[in-house]
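This report walks through a protein model, one topic at a time. Keep the sequence and the 3D view open while reading.

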Amino acid sequence: MTVVTKIETVSARPHHTLWGDAFIRLRRNYLALAGAVFILLLALAAILAPLITPYGFADQNLDEIMESPSWKHPMGTDELGRDAFARLLYGARTSLSVGIFTQFIVIVIGLPIGAISGYAGGKTDNFIMRFVDVMYAFPDILLIILLRSVLGGSIYMLFLAIGLVAWVGVSRLVRGQVLSLKSRDFVSAARAMGGMGNYITWRHLLPNSLGPVIVSITFNIPRAIFAEAALSYIGIGVQPPTPSWGAMIRDGYNLIFAKPHLIIFPAIAIALLLLAFTFLGDGLRDALDPKLRR
């Protein structure tokens, strides 16, 4: 009886402690924790922007045009007399929204396509992967610009355009995970017990593929944020008066020598946010794959 109890405990332990062990490993990664804390603080500051700053992102004061940083305006004002700090906080909403909502679109499109391709195999897999290869061959920014011209200029269409381009990598990742998992013993056992393809895919294959997918999504968020900033910089991203860090850099470019703070602060914000997500993604990768632990 003692031996049987020990065997049952050992066999059950990985299923109950996988995420717990991953959280413990993540908690030991101080860079990943620092990145997560920075992201949470920035998100909180963006949500509470009306309580942090007395200025709105579109409020203009023509008597305070292009002022240098001061106690009244910690990051100065722009060429229209708008408070740069307020626009930076409200612009964080745009950046974080782009990162999160585009990844939701990526998951909705990429997960089922990758799972169907990997599990079906044969001609279905070959057809889907050739389509994915065609999508992958297009430069991301150029394809997003093309979609923007077709879908329109609203911010929601921007989310959709970036998401319709970024799902390719996740679908290929999920396909690879499904291909490696569908030959495992637990999948064969599910088939022997009468499990159908849809049930096996959603009940067994996709849940066991979540680790790499979560890591990939974490790395894709800064790419989406950078894509939005780049598009806003060239004038086809978020449209005025909605604040965007990329648009702030574009607006301050002509004054880079006279008022460099108009570019420095949003550029630092973009760099720190991208770095924070990169650190968090590295930490999640190491936590969810013990073989990569340092």
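## A nonpolar patch on the surface

Helix H6, which covers residues 140–151, contributes three residues to the nonpolar patch, the most of any element. The patch lies on the surface and is formed by Ile141, Leu142, Ile145, Tyr233, Ile234, Tyr253, Ile256 and Phe257. Together these residues have about 810 Å² of accessible area. The model is predicted, and the values below are computed from it.

One member of the patch, Tyr233, belongs to helix H10 (residues 210–233). Tyr233 has a relative accessible area of 35%, so it counts as partly exposed.

## The chain as a whole

The chain contains twelve helices and zero strands. Read from the N terminus, its elements therefore give the pattern α-α-α-α-α-α-α-α-α-α-α-α. The chain has 294 residues, of which 41% count as buried.

About 16300 Å² of the chain is exposed, and carbon and sulfur atoms supply 69% of that area. Contacts can also be sorted by how far apart the partners are in sequence. Among contacts between residues at least 6 apart in sequence, 68% join residues at least 24 apart.

## Two nonpolar cores

In soluble globular proteins, nonpolar side chains tend to be buried together. The largest nonpolar core here has 32 residues, and the members that touch the most others are Trp245, Leu273 and Phe277. Helices H2 (30–47), H4, H10, H11 (245–253) and H12 (261–288) each give two or more residues to this core. H12 gives the most, with ten residues.

Leu273 shows what such contacts look like for a single residue. Setting aside neighbours within four places in sequence, Leu273 is in contact with Phe38, Ile39, Leu42, Ser95, Leu96, Ile225 and Trp245. Apart from this core lies another, made of 27 residues, including Met135, Ala161, Val165 and Val174.

## Helix H10 and what follows

How does the span of H10 compare with the span expected at 1.5 Å a residue? H10 has 24 residues and should therefore span 34 Å. The C-alpha atoms at its ends are 34 Å apart, which agrees with that expectation.

After H10 comes Gly235, which has a positive phi, near 95°.

## Salt bridges

How many salt bridges does a search of the whole structure find? The search finds five. In one of them, Glu64 pairs with Lys72, and their closest N and O atoms are 2.6 Å apart. The two partners fall into separate classes of accessibility. Glu64 has a relative accessible area of 11% and is therefore buried, whereas Lys72, at 47%, counts as partly exposed.

Another salt bridge joins the side chains of Arg82 and Asp78, with an N to O distance of 2.8 Å. Both Arg82 and Asp78 are buried.

## A link between H5 and H7

The side chains of Asp125 and Arg175 also meet in a salt bridge, 2.6 Å from N to O. This pair links distant parts of the chain, since Asp125 is in helix H5 (residues 122–137) and Arg175 is in helix H7 (residues 155–181), 50 residues apart. Is each partner buried or partly exposed? A residue counts as buried under 20% relative accessible area. Asp125, at 9%, is therefore buried, while Arg175, at 22%, counts as partly exposed.

Ser117 touches both partners of this salt bridge. Its contacts, not counting residues up to four places away in sequence, are Asp125, Ile128, Met129 and Arg175. Ser117 itself lies in helix H4 (residues 84–120). With a relative accessible area of 0%, Ser117 is buried.

## A serine on helix H6

The report now returns to the helix it began with. Ser149 is placed in helix H6. Is Ser149 buried or exposed? Its relative accessibility is 58%, so Ser149 counts as exposed.

Ser149 and Ile236 are separated by 87 residues in sequence. In space, the distance between their C-alpha atoms is 9.0 Å.

Technical notes: Residues are numbered from 1 along each chain as its sequence is written. This is a predicted model: local features need pLDDT of at least 70, side-chain atom pairs count only at pLDDT 80 or more; totals for chains, interfaces and linings use all residues. Side-chain values use heavy atoms; hydrogens and water are left out. Patches are made of residues with over 30% relative accessible area and no salt bridge: like charges are joined within 9 Å, nonpolar side chains (Val, Leu, Ile, Met, Phe, Trp, Tyr) within 5 Å. Accessible areas come from the Shrake-Rupley method with a 1.4 Å probe; for residues, only the protein chains shown count as cover. A salt bridge is a side-chain nitrogen of Lys or Arg within 4 Å of a carboxyl oxygen of Asp or Glu. Helices (H or I, at least four residues) and strands (E, at least two) are DSSP runs, numbered from the N terminus. Buried means under 20% relative accessible area, exposed over 50%, partly exposed in between (1.4 Å probe, protein chains only). Contact means heavy atoms within 4.5 Å. A nonpolar core is a set of buried Ala, Val, Leu, Ile, Met, Phe, Trp, Tyr and Cys residues joined through side-chain atoms within 4.5 Å. The expected span of a helix is 1.5 Å times one less than its number of residues.
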